[in-house]
Amino acid sequence: MPIQLFVPTFRVDECLSEIRECLEKGWTGLGFKTVALEEAWCKYTGLPHAHFLSSATVGLHLAIRILKSEYGWQDGDEVISTPLTFVSTNHAIAYENLHVTFADVDEYLCLDPKDVERKITAKTRAIVYVGLGGNTGRWSEIVEIARKHNLKLILDAAHMAGTRLNGEIPGKEADAVVYSFQAVKNLPTADSGMICFRDAAHDERARKLCWLGINKDTYARTSGKGAYKWKYDVEEVGYKYHGNSIMAGIGLVQLKYLDQDNSYRRQLAAWYDTAFKGHEDRVLPVPVAPGCESSRHLYVIEVAARDELLMALNDCEIYPGVHYRDNTEYRMYGYDAATCPNARRLSESILSLPMHLRLGHADVKQVTEVVLKYVKPIN
Ligand SMILES: *Cc1c(COP(=O)(O)O)cnc(C)c1O
């Protein structure tokens, strides 16, 4: 049996019963289950607001868009971000004609606070932080830097559903936290996401912007007898970004099992750690930051001759991944390759090993045996 990187698990009967409820009621769109999931998410995370969206990509865009206009940022102003991420993170900045300033990553594969501070200029407005693989990295130091320099802070928590830092869900210090419930994330639906603003006014604006700019309050006020539902106001040009009840129904089931599932992911990670112990000359697992209970969306190792190892694993029907290619290499950013040396080096040497709920101890054993058989010494 081939061993895949990610295979999502769904409690099929429970998901179908949520979906059946939507179909029988005749309500598959915005509202109903989306509201139930937003309430459940606030309760679970302790974050004050949550709005359910069609993806994390649109959530990141909304965060940048709303903060830019609320705080009067100009085109060309700078947002500091990581080069080791999925392109969504940095596209969100580019959508709003802002400049992506890449800072380097640390041993946790997250933004290095020291380099972030070096990259701050008079034009810097915000920091976008990615908790890579569910790791918190040096999040608390980033929060301090944002405070000290009066910068807005966005947490791209696409890998962080259920991650805790010192026993708490991190992100309460951020202006916005964005989660992904995409098909292969650690809380998979099919495609959806959540945006959690700290400020109630930003949350309210997000709710309008993600439905074409329509102000539902106007018709809520005038639709007492149902006659004027069409007579809403449109305050600004918005987008079609909101989530739907089918996705939210699946999300409600997934949320119920999130802590249990993440705990099994940590068990898989512990099995990997044990197998690689004593082989630090060849395999360096990326450490989890102190105080972090990671969602373990990823299990990443650093190795020499990564691409050769990847091929050897593929020959044995084991299919790992790479998270991520150094974004400074993408032509669209027009960046010098030497901008972030750690990210550059890591992007050539990291490998994400299979991590999902269908794996057992025997699978981890098989993967680690093949890795240790073929991996070259780190010089
Ligand atoms: C997957 C991912 C996103 C985008 O999530 P979608 O829900 O697919 O839009 C953003 N940032 C990171 C770090 C991701 O891994």
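This section describes the ligand site, the domain arrangement and two backbone features of a predicted model.

The shell around the ligand comprises 17 residues, of which T57, D156, H159, S180 and K185 come nearest. Sorted by class, this shell has nine polar, six nonpolar and two charged residues. Two helices, helix 3 (56-70) and helix 4 (87-95), each contribute at least two residues to the shell. Helix 3 gives the most, with three residues.

Polar contacts to the ligand involve the side chains of D156, K185 and Y324. For D156, an N or O atom of the side chain is 2.8 Å from a nitrogen atom of the ligand. For K185, the corresponding separation is 3.1 Å, here to an oxygen atom of the ligand. The side chain of Y324 likewise places an N or O atom 3.0 Å from an oxygen atom of the ligand. Taken alone, the ligand exposes 380 Å², and the protein buries 94% of that area.

Y324 also takes part in an unusual backbone feature: the peptide bond that joins H323 and Y324 is cis, with omega about 10°. In the secondary structure, Y324 is found in the loop between strand 15 (318-319) and helix 12 (341-349). The residue that follows the cis bond thus has a side-chain N or O atom 3.0 Å from a ligand oxygen atom.A second backbone feature occurs at N150, a residue other than glycine with a positive phi, near 55°. N150 is placed in the loop between helix 6 (139-148) and strand 6 (152-156).

At the level of the whole chain, the domain assignment gives domain 1, spanning 12-256, and domain 2, spanning 258-374. The C-alpha centres of domain 1 and domain 2 are 26 Å apart. Across the interface, 42 residues of domain 1 are in contact with 36 residues of domain 2. The size of an interface is often expressed as the accessible area lost when the parts come together. Between domain 1 and domain 2 the buried area is about 3000 Å². Carbon and sulfur atoms give 58% of this area.

Conventions
Residues are numbered from 1 along each chain as its sequence is written. This is a predicted model: local features need pLDDT of at least 70, side-chain atom pairs count only at pLDDT 80 or more; totals for chains, interfaces and linings use all residues. Side-chain values use heavy atoms; hydrogens and water are left out. A residue is near a molecule or strand if one of its heavy atoms lies within 4 Å of it. A polar contact is a pair of N or O atoms within 3.5 Å; within protein, one must be able to donate a hydrogen and the other to accept it, and residues adjacent in sequence count only if both atoms are side-chain atoms. Accessible areas come from the Shrake-Rupley method with a 1.4 Å probe; for residues, only the protein chains shown count as cover. Helices (H or I, at least four residues) and strands (E, at least two) are DSSP runs, numbered from the N terminus. Ala, Val, Leu, Ile, Met, Phe, Trp, Tyr, Cys and Pro count as nonpolar, Asp, Glu, Lys and Arg as charged, and the others, Gly among them, as polar. Domain bounds come from an automatic or database domain assignment. Contact means heavy atoms within 4.5 Å. Buried area is the accessible area (1.4 Å probe) that two parts lose on being put together, summed over both.
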